[in-house]
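Thanks for making the time this morning. I would like to walk you through one structure, so please have a look at it first, and then we will start with a question.

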Amino acid sequence: MRHSRAPRTALALASVIALTLAVAGCAKEDEGSAWAASHEPTVDLPDLHGKKLQVAAVWTGAEQENFRKVLDEFEKRTGATVEFVPTGDNVATYIGSKIEGGAPPDVAMMPQVGVLRQFAEKGWLKPLGKEALAESEKNFSKGWRDLGSVDGTQYGIYYKAANKSLIWYNAQAFADAGVGEAEDWDAFVEDAQTLSDSGVDPVAIGGADGWVLTDWFENIYLSQAGPEKYDKLASHDIAWTDPSVTKALKTLAQLWGESHLLAGGNKGALQTAFPDSVSKPYGNLASPEAALVFEADFVGVNIATDTKARIGEDAQVYPFPKVGAQPPVVTGGDAAAVLKDSKGAQALATFLASKDAAGIWAAEGGFISPNKELDLSAYPNQPQREIAKALIGAGDDFRFDMSDQAPASFGGTKGEGEWKALQDFLANPKDIKGTQRALEKAAAKAYEK
């Protein structure tokens with residue numbers, strides 16, 4: 001008996017339509033592509049001629065190029081010169097070393113709430129100035145402002161958002177196997193077996209990157225345990241040895257514990273970097289190395305730049321299947337934080353809080369803004385306008401990536417904490433109790449600091 005399935009209209013959900021979007025380089029409508037040139041400024045910026053600023057972020061490739069266009073507009077309007085510095089994957093380590101060395105960037109894009117909080121508590125971040133705060137209060141809901149705040153003081157502006165509850169699949173592989181879009185976890189695992197029987201490895205996992213594994217766990221845990229438990233685990237108000245974690249790991253083991261359901265088996269999954277996991281379903285469309293890959297809307301960027309797959313045709317997407325009563329909606333984001341309390345740094349923060357800055361990248365595609373004042377016409381096509389409308393319409397009803405809320409040593413460091421424990425779990429999905437003990441030991445140490 002087949003399990004319930006999400007209808008094709010599920011693509012209208014906020015967590016899904018973003019995937020057929022310009023993130024993958026879909027053709028842009030005229031008003032989207034011309035937005036940056038025709039848009040009237042909505043925020044006043046100071047004269048910064050002769051000033052040099054440095055902004056650090058994790059973005060590379062197309063994302064860096066699009067953000068560079070945002071910085072170019074800031075330079076044009078202020079006269080400042082802004083250097084972009086890539087941080088590499090370990091943002092906390094990079095920024096921390098620069099601060100301790102006495103040469104921090106003026107502004108850093110922080111992808112982890114936990115790191116932002118740690119840095120603020122250390123006194124490394126500067127509170128937003130009056131202009132930046134005013135722009136933030138005008139353009140962002142309380143939930144997003146609170147994420148960038150510590151003890152009532154706002155330090156961060158969430159410039160870019162991400163939806164991390166999506167399944168991307170090779171449409172032909174699914175058609176050949178006769179499977180559809182799974183609405184629940186049981187159907188998802190059943191489909192994985194059917195795909196395997198059809199001769200294609202079902203699920204590609206970028207297990208070499210620990211954050212991918214935390215996203216798997218968070219989606220299952222949020223749907224199964226519910227938002228209240230999710231919040232408690234995120235703040236370590238309950239231990240990782242809690243029965244709710246046991247249940248989530250057992251659920252995850254239904255997939256990870258079946259080596260033939262993973263592209264390359266467990267060993268291969270552990271050796272696969274995230275970009276390579278995206279290439280497995282789409283690198284060779286006729287003979288894919290995997291049928292599907294789970295991750296956020298930014299998967300579309302990898303598909304567009306690394307494969308010949310067409311989003312909406314070869315590459316389709318649907319929401320992460322529900323494990324409990326409701327499907328999960330896990331979000332991520334990058335917050336702009338000021339490290340040097342200068343006129344230029346505060347001006348850049350003010351600009352990034354404006355719909356002017358949000359619109360520039362929105363017009364390029366591959367971007368979702370939590371800026372509620374950004375007109376939907378800024379986005380390059382109707383599907384992306386719908387996802388942006390749904391994102392803003394959700395207000396504060398979302399859950400932020402759990403590992404990104406944790407101290408960096410637990411939730412965001414390669415070879416340590418949650419990343420390491422879940423990689424070990426992927427290697428040996430039978431060791432649920434050992435995994436929980438390792439998670440709790442690392443969490444206790446990180447949260448006591």
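Is Ala37 buried or exposed? Ala37 is exposed, because its relative accessible area is 77%, where exposed stands for over 50%, buried for under 20% and partly exposed for what lies in between, with a 1.4 Å probe and protein chains only. Before going further I should say that this is a predicted model, in which local features need pLDDT of at least 70 and side-chain atom pairs count only at pLDDT 80 or more, while totals for chains, interfaces and linings use all residues. Residues are numbered from 1 along each chain as its sequence is written, and side-chain values use heavy atoms, with hydrogens and water left out.

Ala37 sits in helix α3, residues 35–38, with helices taken as DSSP runs of H or I of at least four residues and strands as runs of E of at least two, both numbered from the N terminus. Between Ala37 and Glu73 there are 9.7 Å from C-alpha to C-alpha, although the two are 36 residues apart in sequence.

Glu73 brings us to helix α4, residues 61–78, whose axis comes within 11 Å of that of helix α17, residues 343–352, the two crossing at roughly 120 degrees; the axes are lines fitted to C-alpha atoms, for helices over the stretch in contact, and angles run from 0 to 180 degrees between N-to-C directions. That angle makes α4 oblique to α17, since under 35 degrees counts as roughly parallel, over 145 as roughly antiparallel, 65 to 115 as roughly perpendicular and the rest as oblique. On the α4 side the contact, meaning heavy atoms within 4.5 Å, involves Phe67, Val70, Leu71, Glu73, Phe74 and Arg77, and on the α17 side Gly344, Ala347, Leu348, Phe351 and Leu352.

Helix α4 also appears elsewhere, as it is among the elements that cover the buried residues of α16, namely Val299, Gly300, Val301, Asn302 and Ile303.

Turning to the interior, the largest nonpolar core has 74 residues, and those with the most contacts inside it are Phe188, Trp216, Leu255 and Trp256; such a core is a set of buried Ala, Val, Leu, Ile, Met, Phe, Trp, Tyr and Cys residues joined through side-chain atoms within 4.5 Å. A second, separate core of 67 residues includes Val91, Ala108, Ala345 and Phe398.

For the chain as a whole, 59% of the 449 residues count as buried, and the chain has 23 helices and twelve strands.
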